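Dear colleague,

I am passing on a structure for you to look through, and my notes on it follow below.

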Protein chains: 2
Amino acid sequence: MTEPRWLDETQLDAWKRLVSVVELLPGVLDSQLRRDAGLSHFEYYVLAMLSEAPDRSLRMTRLAAKTDATLPRLSHVVARLEERGLVERLPSADDRRVTNAHLTDAGWDKIVATAPGHVETVRTHVVDPLTDEEIGQLDTIAGKILERLDPENRTGVRRT
Amino acid sequence: MTEPRWLDETQLDAWKRLVSVVELLPGVLDSQLRRDAGLSHFEYYVLAMLSEAPDRSLRMTRLAAKTDATLPRLSHVVARLEERGLVERLPSADDRRVTNAHLTDAGWDKIVATAPGHVETVRTHVVDPLTDEEIGQLDTIAGKILERLDPENRTGVRRT
DNA sequence: GCACGGTCCTTGACACGACAACTGATCCCA
DNA sequence: TGGGATCAGTTGTCGTGTCAAGGACCGTGC
């Protein structure tokens with residue numbers, strides 16, 4: 001066993017703050033969306049990714065990648081969203097293993113109605129307190145971390 | 001209802017990357033610790049905060065603040081850690097409402113044994129890919145976000 | 001044409017966090 | 001000195017994620 005390379009104080013401070021953000025941010029997003037729209041942040045994100053996709057539909061695997069979710073997790077969530085009429089699942093004709101998740105009109109309306117309030121929350125808690133320069137730094141830093149967290153770059157959120 | 005102020009492309013990119021980090025990081029930390037030590041990251045963090053505290057003990061409320069957890073959550077987790085002999089709960093003499101969580105010797109041994117591997121994971125995924133300058137930026141940025149997420153500054157991780 | 005490995009997705013069982021309700025203890029002020 | 005408000009923590013229930021297993025389908029080798 002090699003000698004551990006401990007973190008210096010600066011590194012530890014930054015790390016602890018990142019941990020706090022990671023612990024607290026989901027709760028804040030969830031409670032705003034839950035209150036205003038009856039959606040978890042993850043559900044919202046699923047709808048949002050579909051709304052941006054061509055034909056408002058994506059196959060499950062691709063949607064899972066875009067939302068950083070495991071397939072079982074996505075499957076459960078989409079099942080619930082389907083029960084609520086926000087999404088429908090359509091078996092693909094070419095490859096009958098694949099399921100396409102498609103945003104319904106009700107789902108589209110839902111996200112259109114929900115987006116402004118959510119964006120406002122994101123602004124309040126993340127975007128507005130930062131300068132333009134810091135936004136750029138955040139982009140770079142998060143990008144570098146993602147390269148390690150997700151080397152496959154499944155999400156396609158990273159350019160490099 | 002006022003017109004929503006949408007995010008520009010740069011802001012949206014940075015936001016999406018932050019969301020990805022927030023979604024992926026906990027899973028990576030959890031699986032390493034689960035595999036190597038049979039602990040969730042949150043359990044590890046609880047033990048770590050206790051190990052740094054005077055007398056290796058903290059009252060539940062303070063510990064909850066330091067770990068960014070709600071009291072019910074902490075209560076459940078400490079109950080489990082107590083069953084495993086890593087922590088013990090001692091009622092306070094001065095204020096009989098208060099419970100002090102105290103790290104046992106077994107708990108101390110556990111974290112001493114676990115820390116090097118965990119630090120290595122943190123290095124690999126977060127610290128090492130960033131320059132010293134970026135570590136400083138991350139500290140600043142996370143600090144500003146925390147000011148909004150947690151205005152009470154319960155954790156005491158923030159200086160300002 | 002069929003078997004076998006790999007892919008895509010679903011399902012069920014279990015673990016953990018959130019929320020609300022509750023117990024006990026302390027504080028405060030009449 | 002009592003009674004209401006507040007505080008510290010615990011407990012129970014429910015929703016949701018994870019993990020392991022399984023089912024359906026594809027594609028290649030023979």
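Over all chains, the structure holds zero aromatic pairs, a pair being two rings of Phe, Tyr or Trp (its six-membered ring) whose centres lie within 6.5 Å. This is a predicted model, in which local features need pLDDT of at least 70 and side-chain atom pairs count only at pLDDT 80 or more, while totals for chains, interfaces and linings use all residues. Residues are numbered from 1 along each chain as its sequence is written, chains are lettered from A and ligands numbered from 1 in the order in which they are written, and side-chain values use heavy atoms, with hydrogens and water left out.

Two arginines do sit over rings (CZ of Arg, or NZ of Lys, within 6 Å of the ring centre and within 35 degrees of the ring normal): A:Arg73 lies over the face of A:Phe42 at 3.9 Å from the ring centre, and B:Arg56 over that of B:Trp108 at 3.5 Å.

Turning to the DNA, strand D is surrounded by 22 residues, counted as near when a heavy atom lies within 4 Å of the strand; by class, ten are charged (Asp, Glu, Lys or Arg), six polar and six nonpolar. Of the strand D atoms within 4 Å of the protein, 74% belong to sugar or phosphate and the rest to bases.

Among the polar contacts (N or O atoms within 3.5 Å), phosphate oxygens of strand D lie 3.3 Å from a side-chain N or O atom of A:Thr70, 3.4 Å from a polar side-chain atom of A:Arg80 and 3.2 Å from a backbone N or O atom of A:Arg96.

With best wishes

Terms used: Polar contact = N/O pair within 3.5 Å; in protein donor to acceptor, adjacent residues only side chain to side chain. Phe/Tyr/Trp six-rings, centres within 6.5 Å; stacked < 30°, edge-to-face > 60°.
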